[in-house]
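Reader: I would like a close look at a single part of this structure, the metal site, followed by the helix packing. Could you take me through it in one connected account?

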Amino acid sequence: MKISHIEVIRLSIPFESDRAPPARPDTAWNAASPALKQMETLLVRVQSDTGLQGWGEGFGHLCNSVTALALQDLVIPLFLGKTVPESREALTALMAEAEKNLHAFGRSGPVRYALSALDIALWDLLGQHLGQPLWQLLGGRREIGLYASLVSYNNQPEEVARQVSRAWQAGFHTLKLHETEYAAIAAARAALPAEATLMVDVNCPWTVDEASEHARQLAGLQLGWLEEPVWPPDDCAGLARVRREGTPLAAGENAAGENGFEALFERAAVDVVQPSVAKVGGITAALRVIERAQSYRVKVVPHCFYYGAGLLASAHLVATLPPEILLEVPYIRFSPLLYPQLDFSPTLVLPDTPGLGFNPDAEILKQHTVSHLHIDAEGAHHV
Ligand SMILES: [Mg+2]
């Protein structure tokens, strides 16, 4: 079975998050920003000459056009005509070869995101070949819990309190904010029952001293974790210092390769690591991070702000982790729903179809496609 052609599909789907538009435009890109009304997804579809198709997703959002170009010019040509891996070992070897060939282009960034998309699609094909859903192939369970990752509500305490109450009423008892000010975070804590678990993702805004001050102040709120408090995100020594203030820390979505995670482990910088399947190198690389984290006894909670095959890939990974580890899902309503699992509730029953089980609605896919490229041995053309 050979890889005959690969498609690259960029989608943009509207969503509703029940919030007012921002007073002034954001200067830094953030997936949780109030300015966003549509979510972009970058999908790949790998086709075999026997008629199987495997889906993958690469990071992401405003970077999609760049990742798409990395797929088209660098990554996909390496895979066309290759034998589809029919074992985990063969898949790992094929990805290692591709990673080595492309090593000059970074351990993180668009080339790595493109490799991640291919890896996920090859896992989808492997599961189909072996006749097993990925959660089963990886030794996991079928049902997992979800946590609600709220978009930013501009640090407005009343609005943040209203939104966490809404999510709690919908059954989400573990929630994450994207707010940076104490008043907004404290308002969320006060609005929730004591048994709720509340995390806060601040997206790398502070110096180590500022982050330490915030962590000290937040210690009384008993957060599940404070995520990426320090700029730059790979300042592992700085994170380790902030961690001493008593608030648990999480990071890893921006770590570069396994050694980026190793640096976090070695410095005892975090309580939770967050490999991001569509950034880190796909399922293969995420599994390696999980294995290393276990040897350091650090908890793994995958990062997931994905809406396509990447969300299901993250779900299959979570299915292999202890039952208290929850899948991150964006607390927004997509309209229309590209596939049924996007209608989030606090538990998710994974598909029992072989592979990833990603089955997008063909009509919605077509209507919301921004660009669609078909690449085979003859070259690339727009569909
Ligand atoms: Mg984050």
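Author: Donors are taken here as N, O and S atoms within 2.8 Å of the metal, and because water is not among the atoms, a site may look incomplete. With that in mind, and remembering that this is a predicted model, the protein donors of the magnesium ion are Asp-201 through OD, and Glu-227 and Glu-253 through OE, at 2.0 to 2.1 Å from the ion. Along the sequence these donor residues follow the spacing D-x25-E-x25-E. Glu-227 belongs to strand β7 (residues 226–227), whereas Glu-253 sits in the loop between β8 (249–251) and α9 (257–266), so that a pair 26 residues apart links distant parts of the chain. Both Glu-227 and Glu-253 are buried.

Turning to the helix packing, the axes of α3 (residues 110–130) and α11 (residues 282–296) come within 5 Å and cross at roughly 95°, which makes α3 roughly perpendicular to α11. Arg-112, Ser-116, Asp-119, Ile-120 and Trp-123 of α3 meet Gly-282, Ile-283, Thr-284, Ala-285 and Leu-287 of α11 in this contact, whose residues are 5 nonpolar, 3 polar and 2 charged.

Arg-112, which is found in helix α3, counts as buried because its relative accessibility is 2%, below the 20% limit for that class. Its side chain makes a polar contact with the side chain of Glu-99 at 3.3 Å. Leaving aside neighbours within four places in sequence, the residues in contact with Arg-112 include Gly-257, Glu-258, Lys-279 and Ala-285.

Notes:
Residues numbered from 1 in each chain as written. Predicted model: local features only at pLDDT ≥ 70, side-chain atom pairs only at ≥ 80, totals over all residues. Heavy atoms only, no water. Axes fitted to C-alpha atoms, helices over the stretch in contact; angles between N-to-C directions. Helix = DSSP H or I, 4+ residues; strand = E, 2+ residues; numbered from the N terminus. Parallel < 35°, antiparallel > 145°, perpendicular 65-115°, else oblique. Contact = heavy atoms within 4.5 Å. Nonpolar A, V, L, I, M, F, W, Y, C, P; charged D, E, K, R; others polar. Buried < 20%, exposed > 50% of the residue type's maximum accessible area, 1.4 Å probe, protein only. Polar contact = N/O pair within 3.5 Å; in protein donor to acceptor, adjacent residues only side chain to side chain. Donors = N, O, S within 2.8 Å, 3.2 Å for Na, K, Ca; no water.
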